[in-house]
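Colleague: I would like to go through this model and ask for the reasons behind some of the terms used. Please show it first.

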Amino acid sequence: MVGCLGLACSLMACTPEDPVEAPTTAGEGADEVGTSEDTGTETDSSEAEITETDTETDTGAQECACAPGTDLIYVVSKFGDIWTYDPPTDTFAEVGPITCGSGLVYSMAVDHDGRGWVLDLDTRDLFTVDLAAPQNCAEPPWVPGNGGFNYFGMGFVSHDTLEVCEKLYLHSYSGSGPFSEGEDLGSLAVYDPADGSLETLASIDFDGGEIDGTGDGRLFAFAGENPVKLVEYDRESGEALTVLPLEGLDKTSASAFAFHSGDIYLFTEADAPECADCLEGCSEEYAACLEDPECAEALDCALTQGEVTDECGGLIYASVQDCMAGTCHDACFPIGGKLSQVHRLDWDESEGNGKALSLVHPLAPLRIVGAGTSICAPLQVP
């Protein structure tokens, strides 16, 4: 593979290098996960020299080099703690904290060079971090609010042009209230990191959503409500190609997803395990609330939202509300938010049960607000 010069390079497809072992503690693995460099060698006019990291197709199109570690899923917390998730082993590994920006993260995408693209929750600015050393930051050509995109989910998708390895796709969010869906509520745009240009592709029917892409040019979004949905879009037109409802899965206040090895991994908030036990011991009306459809629905809404409001929790029995606000507050609404859980959607139907959704990790070590794979992630099970 011929290394990219920044983000502009020639390619037909992005090919992962051999998998690398994820770091196991903060600060470890810095030598294994890093940014790619230009490794091309000079050639004469008669013969091309090929090294271990340089290849060229018969058509003359060059491939895009993948940095070590870019075959993993990267996740980030609201407070900028970056971890990896390795689907084959179902393991999380800590990388380290982001030390630039306001310290608060809204979303993250991952490029083939081993950089995390981070949207700052407070400033709404976009910056990049070296995923091997998240304290190393840079600023791409981005102006907060560019094209009306103040808050957005994002992800990279490969492009088969000769000039661009990948482009960054953005899914808008108004920033007002919970995520919702309805005709033309949102926008889908594509950002070219090579020149900083932004193009709005289409109006879409979701206000707020996450984005991830693949090395073979597929574009996915995780959005919607009642139920939440996985949407595949045409990367050129923004047209929705498929819309798959994910019954039984709430998007929750913090959510993210990523593609890996033919499947989709969805990160949503898990129920706080100590909350139910605390409420049961605190309120004699808790059991009755669970039997009352209105109270149970209001309770579920408040726990999912992360707080009790008139619109989301107002019908919870008074004694249960008192417990949630007092004795059981930390158990039901832990500081920093509830930890995440991981579901796997068998998108490629490799297990023979259709596009089945299953819980694979009930309690992650962090609350995940952003996730992403680069276009170097495996397209199918190795």
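The questions below concern a sheet and a cavity in this predicted model.

Colleague: What makes S16 and strand S17 (residues 263–269) a pair?

Modeller: Two strands pair if there are at least two bridges between them. Six bridges join S16 to S17, so the pair meets that cut-off. The two strands run antiparallel. As an example of bridge partners, phenylalanine 259 is matched with isoleucine 264 in S17.

Colleague: Why are strand S16 (255–260) and strand S19 (357–361) said to stand at the edges?

Modeller: The open sheet has four strands in the order S16-S17-S18-S19, with antiparallel pairing. S16 and S19 each have a single partner strand, so one side of each is left without a neighbour in the sheet. From one strand to the next, the twist averages 30 degrees.

Colleague: How do you know that the second largest cavity belongs in the count of cavities of 30 Å³ or more?

Modeller: The volume of the second largest cavity is about 40 Å³, and the cut-off is 30 Å³ or more. The count comes to two cavities.

Colleague: Which strands each supply at least two residues of the lining of that second largest cavity?

Modeller: They are strand S4 (105–110), strand S8 (151–158), strand S12 (209–213), S16 and strand S20 (368–372). Among the lining residues are Ala256 and Phe257.

Colleague: What makes the lining six nonpolar, three polar and one charged?

Modeller: Met108 and Ile211 are among the lining residues, and Met and Ile count as nonpolar. Glu210 is also in the lining, and Glu counts as charged. Gly153 lines the cavity too, and Gly counts as polar.

Notes
Residues are numbered from 1 along each chain as its sequence is written. This is a predicted model: local features need pLDDT of at least 70, side-chain atom pairs count only at pLDDT 80 or more; totals for chains, interfaces and linings use all residues. Side-chain values use heavy atoms; hydrogens and water are left out. Axes are lines fitted to C-alpha atoms, for helices over the stretch in contact, and angles run from 0 to 180 degrees between N-to-C directions. On a 1 Å grid over the protein atoms alone, a cavity is a set of points where a 1.4 Å probe fits but cannot get out, and a pocket is an open set with protein on both sides within 12 Å along at least five of seven lines; lining residues have an atom within 4 Å of a point. Grid points are joined across faces, edges and corners, and a volume is the space filled by probe spheres set on the points.
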